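User: I would be grateful for a close look at one part of this protein, with attention to how its strands are paired and what surrounds them. Please then place that part in the context of the rest of the chain.

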Amino acid sequence: MTKIDVVSGFLGAGKTTLIKKLLKEALDGSKTVLIENEFGEIGIDGGFLKESGIEIKEMNSGCICCSLVGDFGTSLKEVIETYAPERILIEPSGVGKLSDVLRAVENVAADLEVQVNSAVAVVDASKAKMYIKNFGEFFINQIEYAGTIILSRTDKVNAAKLQECVALIQEHNNKATIITTPLAELEGRAVLETIEGADTLEDMMKEVLERTQEEHAHHHHHHDGEECCGHEHHHHDGEECCGHEHHHHDGEECCGHEHHRHDGEECCGHEHHRHDGEECCGHEHHHHDGEECCGHEHHHHHHADEVFTSWGKESPAKFTAERIESILTSLDSGEYGAILRAKGMVPAEDGTWVYFDYVPQEHDIRTGKPEVTGKFCVIGAQLREDKLEELFRG
């Protein structure tokens, strides 16, 4: 029987860091396979994890919880037949819903010798409040269905903010084990024991199957006058919802809505009317009750590819670390859309390679191993691809 562990987490939360730690300190010597689901056309994390010596099955056609549910069973069967692993780690897209990933596993478990062993959500303690407020439909789902929640960047927040983060999580899941000690201070084996020791899995899986059936049945079924992204509007031929053209009421837009604003501030690159002092993608602003950034309310049912888009490319263009620093700093401006994640590996002018990661208001640049070619990917809402193309031009 092959154990399946699902490691979820919103964009840039630290899933790859956790997986590397488990592989090195807890699963070394075991027969483990990683199935990775990138959101976007350009697979990046496969390069980051290649040094671990683990087999990686990358799937880049979209989110595992929507367009890949059918292919997922085929991929899982292929992995099991090819490698006969003791354990399979599944790293879903950062914008995927954990409930849908678990359901996809359950749908094929009857035909394969597999069992769900654990479900983990990695949560960035410094951005949890912001993401709950603004991308709750996806972010909260990952919290709700996790048996273990691992907080990352706890060493970068004060005690009050950490307590607030824990309280917010417990509002949505008061049964999960929450790890608050920085991962760097913990042994990988202790982390794995905690993950596998979660006693909520059986109840959680039952709830997954019950609660997601109705939700899944309502995907992609918008009709005239129904709400999309929290705003009522009418669809017409050739028009789309969630960041594409359609008719609006009161001058509002969907997913990049133009709202009345104060103080000239922007949220995720979009103008908003603010009322609560909440943050959106690193910028403080105010919301009306129930209103969210990019127009997505917590209880609407969307696929990730309805709300988020990705842009990326492979290129031999050379960059300096200083140039990458300038590019990543520019992504915070809002000029390029609501950027939630950027990552890549590119050749440098001096013959080395520059690896980079970006989340709102925070980025990391380091030296890495040469790749066959440079590649980078940007994920967010309302991406302005023409401007991104110009920004990343070597």
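Analyst: Strand β1 pairs with strand β4 (residues 87–91) in the parallel sense, through 4 bridges. Within this pairing, Asp5 faces Leu89 of β4. The model discussed here is a predicted one. β1 also has a parallel pairing with strand β5 (residues 114–124), and this one extends over 8 bridges. One position in that second pairing is Lys3, whose bridge partner in β5 is Gln115. The strand itself covers residues 2–9 and is mostly covered, with 7 of its 8 residues buried. As a general point, the side chains of a regular strand alternate between the two faces of the sheet.

Helix α4 occupies residues 98–109. The distance from its first C-alpha to its last is 16 Å, close to the 16 Å expected for its 12 residues at 1.5 Å a residue. Like β1, which is mostly covered, helix α4 is mostly covered, and 10 of its 12 residues are buried. The buried set includes the run Leu98, Ser99, Asp100, Val101 and Leu102, and among its other members are Arg103, Val108 and Ala109. In general, an α-helix has 3.6 residues a turn, so residues three or four places apart point the same way.

Strand β2 (residues 32–37) contains Thr32. Thr32 counts as buried because its relative accessibility is 12%, and the cut-off for buried is under 20%. The side chain of Thr32 makes a polar contact of 2.8 Å with the side chain of Ser30.

Further along the chain there is an open sheet of 5 strands, paired antiparallel in the order β12-β16-β13-β14-β15. Its edges are formed by β12 (309–315) and β15 (362–368); each has a single partner strand, so one side of each is left without a neighbour in the sheet. From one strand to the next, the twist averages 10 degrees. Within this sheet, strand β13 (residues 338–347) is joined to strand β16 (residues 374–381) by 7 bridges, and the two run antiparallel. Lys343 stands opposite Cys377 in β16. Helix α11 (residues 321–330) packs on the sheet and touches β13, β14 (353–359) and β15. The direction of α11 makes about 155 degrees with that of β15.

Phe308 belongs to the loop between α10 (304–307) and β12. Phe308 counts as buried because its relative accessibility is 1%, against a cut-off of under 20%. Phe308 and Gln382 are 74 residues apart in sequence, yet their C-alpha atoms are 7.6 Å apart in space.

For the chain as a whole, the secondary structure comprises 12 helices and 16 strands. Of its 394 residues, 56% are buried. Among contacts with a separation of 6 or more, 70% are between residues 24 or more positions apart. The exposed area of the chain is about 17200 Å², and carbon and sulfur atoms supply 43% of that area.

Notes: Residues are numbered from 1 along each chain as its sequence is written. This is a predicted model: local features need pLDDT of at least 70, side-chain atom pairs count only at pLDDT 80 or more; totals for chains, interfaces and linings use all residues. Side-chain values use heavy atoms; hydrogens and water are left out. Buried means under 20% relative accessible area, exposed over 50%, partly exposed in between (1.4 Å probe, protein chains only). Contact means heavy atoms within 4.5 Å. Accessible areas come from the Shrake-Rupley method with a 1.4 Å probe; for residues, only the protein chains shown count as cover. A polar contact is a pair of N or O atoms within 3.5 Å; within protein, one must be able to donate a hydrogen and the other to accept it, and residues adjacent in sequence count only if both atoms are side-chain atoms. Two strands pair if DSSP finds at least two bridges between them. Axes are lines fitted to C-alpha atoms, for helices over the stretch in contact, and angles run from 0 to 180 degrees between N-to-C directions. The expected span of a helix is 1.5 Å times one less than its number of residues.
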